[in-house]
Amino acid sequence: MAQRKALAVRDKGCAFPGCDRPPGWTEAHHVWHWIDGGPTDLDNLVLLCVHHHHVMHEQEWTIIFEHGIPSFIPPRWIDVEQKPLRNIRVDYPLTL
């Protein structure tokens, strides 16, 4: 339960860029899948709504953490430069 609260504080809801779903409408997504040895900790989890959880599993998006904050790298067919994106609710700059 404490881990879920910490995710809600960090991500403020679905962390996918442009999504406005609140924390109560989200699921915790393992960036490195648990079945492949990914840990269940804050550095490997991100909150996603059901729709964006499916997007992550069905498309070629990648999640990275920059300064502990999740950033989303779109597949090349969406952005050939694959620039990292964040949800604007998270007020952290991409570089410090």
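## Exercises on a predicted chain

The mean positions of the 9 positive and 12 negative charges of the chain lie 7 Å apart. Keep in mind throughout that this is a predicted model.

**Exercise 1. Find out how many helices and strands the chain has, and in which pattern they follow one another.**

Start by counting: the chain has two helices and four strands. Next, walk along the sequence, and the pattern reads α-β-β-α-β-β. Some of these elements will return below: helix α2 covers residues 50–58, strand β3 covers residues 62–66, and strand β4 covers residues 69–73.

**Exercise 2. Work out what the radius of gyration says about the chain as a globule.**

Begin with the expectation: a compact globule of 96 residues would have a radius of gyration near 12 Å. Then take the value for the chain, 13 Å, which agrees with that expectation. To get a feeling for the extent, look along the principal axes, where the C-alpha trace spans about 40 × 30 × 25 Å.

Now turn to the inside and the surface. Of the 96 residues, 36% are buried. The chain exposes about 5900 Å², and 59% of that comes from carbon and sulfur atoms. Finally, consider the contacts between residues at least 6 apart in sequence: 46% of them join residues at least 24 apart.

**Exercise 3. Decide what kind of aromatic pair Phe16 and Phe72 form, and which parts of the chain the pair ties together.**

The structure holds two aromatic pairs. For Phe16 and Phe72, the ring centres are 5.3 Å apart and the planes stand at 65 degrees, so the pair is edge-to-face; the cut-off for this label is an angle over 60 degrees.

Next, place the two residues. Phe16 sits in the loop between α1 (2–11) and β1 (26–30), while Phe72 belongs to strand β4, so the pair ties together parts that are 56 residues apart in sequence. Both Phe16 and Phe72 are buried. To complete the picture, add Trp61, which forms one aromatic cluster with Phe16 and Phe72.

**Exercise 4. Is His52 buried or exposed, and which residues does His52 touch?**

First, locate His52 in helix α2. Its relative accessibility is 12%, so His52 counts as buried, the limit being under 20%. Leaving out residues up to four places away in sequence, His52 touches Cys14, Phe16 and Cys19. You have already met Phe16, as a member of the aromatic cluster.

**Exercise 5. Describe the surroundings of Thr26 and of Thr62.**

Take Thr26 first. Thr26 is part of strand β1, and with 9% relative accessibility Thr26 counts as buried. Residues beyond four places away in sequence that touch Thr26 include Arg4, Gly13, Cys14, Arg21 and Leu47. For Leu47 there is also a distance: Thr26 and Leu47 are 21 residues apart in sequence, and their C-alpha atoms are 5.7 Å apart in space.

Now Thr62, which lies in strand β3. Its relative accessible area is 39%, so Thr62 is partly exposed. Again leaving out residues up to four places away in sequence, Thr62 touches Met56, Ser71, Phe72 and Ile73. Phe72 thus turns up here as well as in the aromatic cluster. As a last step, look at Arg10: Thr62 and Arg10 are 52 residues apart in sequence and 19 Å apart in space, C-alpha to C-alpha.

Definitions and conventions. Residues numbered from 1 in each chain as written. Predicted model: local features only at pLDDT ≥ 70, side-chain atom pairs only at ≥ 80, totals over all residues. Heavy atoms only, no water. Rg over C-alpha atoms; globule rule 2.2 N^0.38 Å. Buried < 20%, exposed > 50% of the residue type's maximum accessible area, 1.4 Å probe, protein only. Contact = heavy atoms within 4.5 Å. Areas by Shrake-Rupley, 256 points an atom, 1.4 Å probe, with all protein chains shown as cover. Lys, Arg positive; Asp, Glu negative; His and termini not counted. Charge placed at Lys NZ, Arg CZ, Asp CG, Glu CD. Phe/Tyr/Trp six-rings, centres within 6.5 Å; stacked < 30°, edge-to-face > 60°.
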